Amino acid sequence: MTTIKKFIILISITFLVFFNVTLSAKEYTAQGKVNAIKSESKKLNISHGPVKGLMGAMKMDFEVAYPEMLNDVSVGSTIKFTLDEDKKGNLTITDLELIETSEKFIID
Ligand SMILES: [Cu+2]
């Protein structure tokens, strides 16, 4: 391999790594209980447990990435979800799954 080819590959890798670090959103996982489903605003009101590195336990609204995600839950569902934080600090649920009910996440 020529030096120029090696150089181009090195530059490309550096660029990709840099791009990934600067543009990718921060991701968190959390658990909580669904209190309300707000279809119009594409939001779920969730009493969530502590989110490591982000916030403590509280009750709040979260927007979901796709409206179809609202169909996967019911009021009272206990869920495990993935939160994406963009550079402005906006939080969006990008993934969720139903888990066994736990009283631990019920905050009124
Ligand atoms: Cu919160």
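Visitor: Where is Lys42 placed?

Guide: Lys42 lies in the loop between S1 and S2. Bear in mind that the model is predicted.

Visitor: What is the phi of Lys42?

Guide: The general idea is that most residues other than glycine have a negative phi. Lys42 departs from this, with a positive phi near 60° in a residue other than glycine. The loop belongs to the hairpin of S1 and S2, which has four residues between the strands.

Visitor: Is Lys42 buried or partly exposed?

Guide: The count of neighbours decides. A residue is buried if 20 or more other C-beta atoms lie within 10 Å of its own, and exposed if 12 or fewer do. Lys42 has 17 C-beta neighbours inside 10 Å, so Lys42 counts as partly exposed.

Visitor: How many bridges join S1 to S2, and in which sense do the strands run?

Guide: S1 and S2 run antiparallel and are joined by six bridges. One of the paired positions is Lys38, whose bridge partner in S2 is Lys43.

Visitor: How many helices and strands does the protein have, and in what pattern?

Guide: The protein has one helix and five strands. Along the sequence the pattern reads α-β-β-β-β-β, with the helix ahead of the strands.

Visitor: What do the five strands form?

Guide: The five strands form a closed barrel. Its order is S1-S2-S3-S5-S4, and the pairing is mixed. From one strand to the next, the twist averages 55°.

Visitor: Which residues show how S1 pairs with S4?

Guide: S1 and S4 pair in the antiparallel sense over eight bridges. Thr29 has Thr82 as its bridge partner in S4, and Gln31 has Lys80.

Visitor: What is the bridge partner of Lys80 in S5?

Guide: In S5, Lys80 has Glu97 as its bridge partner. S4 and S5 pair in the antiparallel sense over seven bridges. These two strands also form a hairpin, with five residues between them. In the turn, Gly89 has a positive phi of about 90°.

Visitor: Which residues make up the largest nonpolar core?

Guide: In soluble globular proteins, nonpolar side chains tend to be buried together. Here the largest nonpolar core has 12 residues in all, among them Ala30, Val34, Leu44, Phe81 and Leu91. Strands S1 (26-38), S2 (43-48), S4 (78-85) and S5 each supply at least two residues of this core.

Visitor: What does Val34 touch?

Guide: Not counting residues up to four places away in sequence, Val34 touches Leu44, Ile46, Val73, Ser74, Val75, Gly76, Ser77 and Ile79. Leu44, Ile46, Val73 and Ile79 are also listed in the core.

Visitor: Why does Leu91 count as buried?

Guide: Leu91 is buried because 20 other C-beta atoms lie within 10 Å. The residue sits in strand S5 (residues 91-98). Leaving aside residues up to four places away in sequence, Leu91 touches Phe62, Leu83 and Glu85.

Visitor: How far apart are Leu91 and Lys26 in sequence and in space?

Guide: They are 65 residues apart in sequence and 9.4 Å apart in space, C-alpha to C-alpha. For the protein as a whole, take contacts between residues at least 6 apart in sequence: 51% of them join residues at least 24 apart.

Visitor: What share of the protein counts as buried?

Guide: Of its 108 residues, 15% count as buried. Leu91 is one of the buried residues, whereas Lys42 is partly exposed.

Terms used. Residues are numbered from 1 along each chain as its sequence is written. This is a predicted model: local features need pLDDT of at least 70, side-chain atom pairs count only at pLDDT 80 or more; totals for chains, interfaces and linings use all residues. Two residues are in contact if their C-beta atoms, placed from the backbone, lie within 7 Å. A nonpolar core is a set of buried Ala, Val, Leu, Ile, Met, Phe, Trp, Tyr and Cys residues joined through C-beta atoms within 7 Å. Two strands pair if DSSP finds at least two bridges between them. Axes are lines fitted to C-alpha atoms, for helices over the stretch in contact, and angles run from 0 to 180 degrees between N-to-C directions.
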